[in-house]
Amino acid sequence: MAVNAKHLATFILGAAAGVALNKYLQTEDGEKMMADLKEKGTQLKSEAEGAIDNAPEYFEKLKSQLSELLKTNFPNAEQAIDDVLGKKPETDLPA
């Protein structure tokens, strides 16, 4: 792939943007922005870790709520699913 004028101009513009960003970040406003970004990143990280820790309990609660909803609104749902899957009903009779 040959380097043409468009590629060179893109590279130069990207480098200029990088230099301008570096200059801005060295100002007081830039330092404040970086501190705010770091604080927000730390906050998001702790929220994500909390969500990961709470996920098993959340899904267990969701599963029980869905089960209760199905039992209440569709009392024959378990039998219908067993019929579709070809499962035979379990009997409590001794063998």
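How many aromatic pairs does the structure hold? It holds 1, and the second view below takes you to it. Before you look, know that this is a predicted model, where local features need pLDDT of at least 70, side-chain atom pairs count only at pLDDT 80 or more, and totals for chains, interfaces and linings use all residues. Residues are numbered from 1 along each chain as its sequence is written, and side-chain values use heavy atoms, with hydrogens and water left out.

**View 1. The whole protein, three helices and no strands.** Follow the sequence and you read α-α-α. (Helices, H or I with at least four residues, and strands, E with at least two, are DSSP runs numbered from the N terminus.) The C-alpha atoms fill a box of roughly 80 × 40 × 30 Å along the principal axes. The radius of gyration, taken over C-alpha atoms, is 30 Å, while a compact globule of 95 residues would have one near 12 Å. That globule rule is 2.2 Å times the number of residues to the power 0.38. Just 2% of the 95 residues count as buried, meaning under 20% relative accessible area, with exposed over 50% and partly exposed in between (1.4 Å probe, protein chains only).

**View 2. Tyrosine 58 meets phenylalanine 59.** The ring centres of tyrosine 58 and phenylalanine 59 sit 5.3 Å apart with their planes at 70°, so this pair is edge-to-face. (Rings of Phe, Tyr and Trp, the last by its six-membered ring, pair if their centres lie within 6.5 Å; planes under 30 degrees apart count as stacked, over 60 as edge-to-face and the rest as tilted.) Phenylalanine 59 counts as exposed because its relative accessibility is 54%.

**View 3. A nonpolar patch on the surface.** Leu21, Tyr24, Met33, Met34 and Leu37 make up this patch of about 430 Å². Helix H1 (5-25) and helix H2 (28-73) each give two or more residues to it, and H2 gives the most, with 3. Patch residues have over 30% relative accessible area and no salt bridge (a side-chain nitrogen of Lys or Arg within 4 Å of a carboxyl oxygen of Asp or Glu), and nonpolar side chains (Val, Leu, Ile, Met, Phe, Trp, Tyr) are joined within 5 Å, like charges within 9 Å. Leucine 21 lies in helix H1 and, at 46% relative accessibility, counts as partly exposed.

**View 4. How sure is the model about helix H3?** Helix H3 (residues 77-85) has the lowest mean pLDDT among the elements, 81, and H1 the highest, 94. (pLDDT is the predictor's confidence in each residue, from 0 to 100.) The protein averages 87, and 92% of the residues score at least 70.

Key. Accessible areas come from the Shrake-Rupley method with a 1.4 Å probe; for residues, only the protein chains shown count as cover.
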